[in-house]
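Let's take a friendly walk through this model together, moving from strands to packing and then to the surface. Keep the 3D view open as you read.

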Amino acid sequence: MIPTGAMIYAHVVLSLATIAVFAILIKIRLRSRINYYFPGLFPCEKTVFLPIAVLNHVPCTEKNEDLISQLSDDILILIISRLSTRDATRTSLLARRWRNLYRYVTKIELSCYDLLERVPGISRSFRPKSSDSVMNALDSFLRLRSGSKIPSFRLTACSNKSATDRFEQCISILGRMDVESFFLEGCRYSSLLDLSFSCHLFSKMPFLKKFELSNCYLQSSLRSQCNNSIQNLVLTDVSVSPGAIESVLSNCLKLHSLMMTGCACPSKLSFCGPHLELKSLYIMECEGVKEIEFYASNLVIFEFTNPVQVDFIFDHVPQLQSTYTYIFEKNILPYVCGKLAVDLPDLKSLNFATRGDNFQESRINMFGNLRRLYINVYSLPKSHLLWLTSFLHSCPLLQEFHLTMNICVHGPLVEKEKQAVVFHSELKKMEIGGFRGTEYEMEFALYILKSAISLEIMNINRCPKVYKGPDNWRWEYVHSWSENTRTRIQTELQGQAVSKTAQLTVQHEPDDPLYSGPSCSLCDACCVRS
């Protein structure tokens with residue numbers, strides 16, 4: 001939609017008003033700092049250092065007319081909402097009319113920097129009483145906001161056991177403010193104090209839909225109190241106590257997505273329950289885990305990244321359709337082709353990364369229902385890419401095959417007799433990233449072209465496409481082919497497809513919005529279709 005003159009004018013006025021408010025806040029802040037070090041220089045104003053400590057203060061009346069205050073309350077609230085919570089609260093000092101406008105800001109972000117009298121030094125740890133001061137200031141702020149709604153609340157704070165009761169009171173107050181999105185992070189300035197979140201606190205926030213917990217302790221709870229609203233839970237750098245995950249699942253009955261990143265966990269995690277609605281589970285680089293058990297009727301997506309292999313027990317996952325597995329220090333291919341294929345024969349999408357695997361030694365069981373296959377190859381020492389064609393034989397319904405090569409073969413190729421072409425009737429799309437044009441890569445590409453009788457698209461890119469996490473793909477920039485290599489790839493692959501509908505694209509820079517590398521000077525010459 002083309003913006004009208006009125007819309008453009010309103011946007012300009014809003015931007016100018018925001019700048020003006022910033023200018024006034026800077027003036028107040030400068031004067032407060034000067035008064036802090038040189039008391040009495042501005043006798044008409046008190047020191048304004050902490051917004052929460054001066055909410056009831058009204059500064060001296062300016063002689064000049066305040067044109068900004070002539071704007072409607074809705075416009076002023078929209079302006080204030082663009083400021084940080086610290087600065088938005090400071091606007092209560094501008095004039096009597098501004099005194100309560102900050103209460104209507106719906107997105108709050110607070111930290112120890114905002115709640116303590118002084119900015120905590122990174123080089124020194126907090127004193128124990130600092131935790132109590134933070135909780136007291138937070139409690140005061142929330143009580144001043146009582147009666148208003150805060151849909152989104154972000155808090156970075158420190159705490160210890162002595163402040164547990166005050167912290168739980170603050171959580172209860174937040175629950176009465178209809179918080180829907182809550183981000184809670186433990187302060188990273190000191191390791192002496194810790195912030196713990198008990199699972200029974202979920203019941204205190206009946207409208208909470210998304211909860212993110214970072215740098216905290218997640219404690220299990222024997223109190224069985226349900227939360228029927230939370231759908232998305234994210235744990236980052238969290239110390240998970242034994243039984244905490246089970247408490248989460250039993251208390252959060254509508255939980256659909258759970259992501260755990262960099263957490264310290266007990267040796268066994270159990271995602272079990274006859275009425276679980278959990279659909280997506282992501283576990284990335286979590287320490288201590290040795291075994292994961294599943295009894296989840298609605299689980300659809302499971303992704304796992306870890307330095308070492310763990311034991312997966314898939315007792316009951318009838319809806320599981322998509323998995324991603326990457327083990328840093330393990331030859332994972334035997335597991336994927338063996339036990340995983342047996343445990344999950346009905347998978348529709350399989351994504352895994354290999355490092356140091358020898359395909360020749362792997363026996364592949366049947367993936368009879370697989371439609372999409374993603375393989376990210378980090379190394380193939382003394383192996384042969386043509387062994388990957390065995391996946392096509394074990395996946396009769398495969399429609400998409402995405403292969404990315406990040407690190408190339410080291411050492412001589414394994415001698416192997418020329419393999420007879422086995423036609424594949426369902427494969428329609430083949431994508432190869434990180435393609436250098438070496439002998440074993442060309443042999444693999446030619447095999448696909450000659451065996452996929454229904455092939456529609458084959459994309460060959462010099463840049464590798466790397467999986468970075470849930471729904472997050474990125475193209476990584478590498479140097480382009482030389483002119484001789486580009487010409488050889490084009491000549492050897494053009495016209496080799498057995499499918500009459502096949503379209504072959506050979507290019508350095510992918511036609512993809514995820515790609516952010518520099519443009520290739522040979523881009524137009526790198527593309528050929530046949």
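## Strands and their partners

Three strands, in the order β4-β6-β8, make up an open sheet with parallel pairing. β4 (196–198) and β8 (239–240) are the edge strands with a single partner strand each, so one side of each has no neighbour in the sheet. Strands here are DSSP runs of E with at least two residues, helices are runs of H or I with at least four residues, and both are numbered from the N terminus. Two strands count as paired if DSSP finds at least two bridges between them.

Before going further, please note that this is a predicted model, in which local features need pLDDT of at least 70 and side-chain atom pairs count only at pLDDT 80 or more, while totals for chains, interfaces and linings use all residues. Residues are numbered from 1 along each chain as its sequence is written, and side-chain values use heavy atoms, with hydrogens and water left out.

Back to the sheet: β4 is joined to the parallel strand β6 (residues 217–219) by 3 bridges. Ser-198 has Gln-219 of β6 as its bridge partner.

Elsewhere, strand β1 (residues 107–111) runs parallel to β2 (residues 152–157), with 5 bridges between them. The bridge partner of Ser-111 in β2 is Thr-156. In a regular strand, side chains alternate between the two faces of the sheet. β1 shows such alternation: Ile-108 and Leu-110 point to one face and are buried, whereas Lys-107, Glu-109 and Ser-111 point to the other and are not. Buried means under 20% relative accessible area, exposed means over 50%, and partly exposed lies in between (1.4 Å probe, protein chains only).

## Packing inside

Which residues touch the most other members of the largest nonpolar core? In this core of 133 residues, they are Phe-153, Phe-182, Phe-197, Met-260 and Phe-271. Helix α10 (residues 439–451) supplies the largest share, 8 residues. A second, separate core has 8 residues, among them Tyr-326 and Val-466. A nonpolar core is a set of buried Ala, Val, Leu, Ile, Met, Phe, Trp, Tyr and Cys residues joined through side-chain atoms within 4.5 Å.

Leaving aside neighbours within four places in sequence, Phe-197 is in contact (heavy atoms within 4.5 Å) with residues including Phe-167, Leu-184, Phe-211 and Gln-219.

Phe-352 belongs to strand β16 (residues 349–354) and is buried at 0% relative accessibility. Not counting residues up to four places away in sequence, Phe-352 touches Tyr-324, Leu-373 and Phe-391, among others. Phe-352 and Thr-305 are 47 residues apart in sequence, and their C-alpha atoms are 9.6 Å apart in space.

## Loops and surface

Two residues that are not glycines have a positive phi, and you can find them in loops:

| Residue | Phi | Loop | Relative accessibility |
|---|---|---|---|
| Asp-178 | about 60 degrees | between α6 (164–176) and β3 (181–186) | 18%, buried |
| Asn-215 | about 55 degrees | between β5 (210–214) and β6 | 27%, partly exposed |

On the surface, Val-421, Phe-423, Ile-453 and Val-498 make a nonpolar patch of about 340 Å². Val-421 sits in the loop between β18 (400–405) and β19 (429–433) and is partly exposed, at 38% relative accessibility. Nonpolar patches join side chains of Val, Leu, Ile, Met, Phe, Trp or Tyr within 5 Å, from residues with over 30% relative accessible area and no salt bridge. A salt bridge is a side-chain nitrogen of Lys or Arg within 4 Å of a carboxyl oxygen of Asp or Glu.

Terms used. Patch = residues over 30% accessible without salt bridge, like charges linked within 9 Å, V, L, I, M, F, W, Y side chains within 5 Å. Areas by Shrake-Rupley, 256 points an atom, 1.4 Å probe, with all protein chains shown as cover.
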